[in-house]
Amino acid sequence: MSQFTTNFKGELIGKNLWKNIEQFQYHVGCYPSKEVITVPIGYITNFASVPRIFWAIISPIDNHAKAAVIHDYLYDTGYYTRKRSDEIFLEALNVLDVKPWKKYCLFYGVRLGSWYKWRQLRRMEL
């Protein structure tokens, strides 16, 4: 089973912005894995990019937060394809035992709504 091997430790640096103050790792697939995602110290996240209108239902910071940090990092780095990044997000949500209704809202939310962010980030690389 996949596993987070460290906890996310961060400090609030702005409105809904957190800076990672310790290296944070996730093993993709079975633990121990040769495929380890390491979020470096100093990485900035807003956790889940849930539209404010839905915060009463799904908070940006909840039991899915560690998966959201991994997903943000994968999008920002472009190390994987968008589809693979979203699949790893779903896997991490499963590892965190996020309730099915919330897990699939988050997953399909990124599948449907994150294409624009992905495209913008890839344009910045050119």
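Analyst: Helices here are DSSP runs of H or I with at least four residues. Keep that in mind as we look at this predicted model.

User: What makes α3 a helix, and which residue of the surface patch is found there?

Analyst: A helix needs a run of at least four residues, and α3 covers residues 100–113, so α3 passes that length cut-off. W101 is the patch residue found in α3.

User: Why is W101 called partly exposed?

Analyst: Buried means under 20% relative accessible area and exposed means over 50%. W101 has 45%, so W101 falls in between and counts as partly exposed.

User: What makes the nonpolar patch on the surface, and how much accessible area does the patch have?

Analyst: I53, F54, I57 and W101 form the patch, with about 480 Å² together. A patch residue needs over 30% relative accessible area, and W101, at 45%, is above that cut-off.

User: How do you know which helices help to line the largest pocket?

Analyst: A lining residue has an atom within 4 Å of a pocket point. Both α1 (65–77) and α3 supply at least two such residues, and α3 gives the most, with six. The pocket holds about 480 Å³ of space. Of its 21 lining residues, those closest to the centre are S49, V50, P51, G109 and V110.

User: Why does S49 count as buried or exposed?

Analyst: The cut-off for exposed is over 50%. S49 has 54% relative accessibility, so S49 counts as exposed. You can find S49 in the loop between β6 (44–45) and α1.

Conventions. Residues are numbered from 1 along each chain as its sequence is written. This is a predicted model: local features need pLDDT of at least 70, side-chain atom pairs count only at pLDDT 80 or more; totals for chains, interfaces and linings use all residues. Side-chain values use heavy atoms; hydrogens and water are left out. Patches are made of residues with over 30% relative accessible area and no salt bridge: like charges are joined within 9 Å, nonpolar side chains (Val, Leu, Ile, Met, Phe, Trp, Tyr) within 5 Å. Accessible areas come from the Shrake-Rupley method with a 1.4 Å probe; for residues, only the protein chains shown count as cover. A salt bridge is a side-chain nitrogen of Lys or Arg within 4 Å of a carboxyl oxygen of Asp or Glu. Buried means under 20% relative accessible area, exposed over 50%, partly exposed in between (1.4 Å probe, protein chains only). On a 1 Å grid over the protein atoms alone, a cavity is a set of points where a 1.4 Å probe fits but cannot get out, and a pocket is an open set with protein on both sides within 12 Å along at least five of seven lines; lining residues have an atom within 4 Å of a point. Grid points are joined across faces, edges and corners, and a volume is the space filled by probe spheres set on the points.
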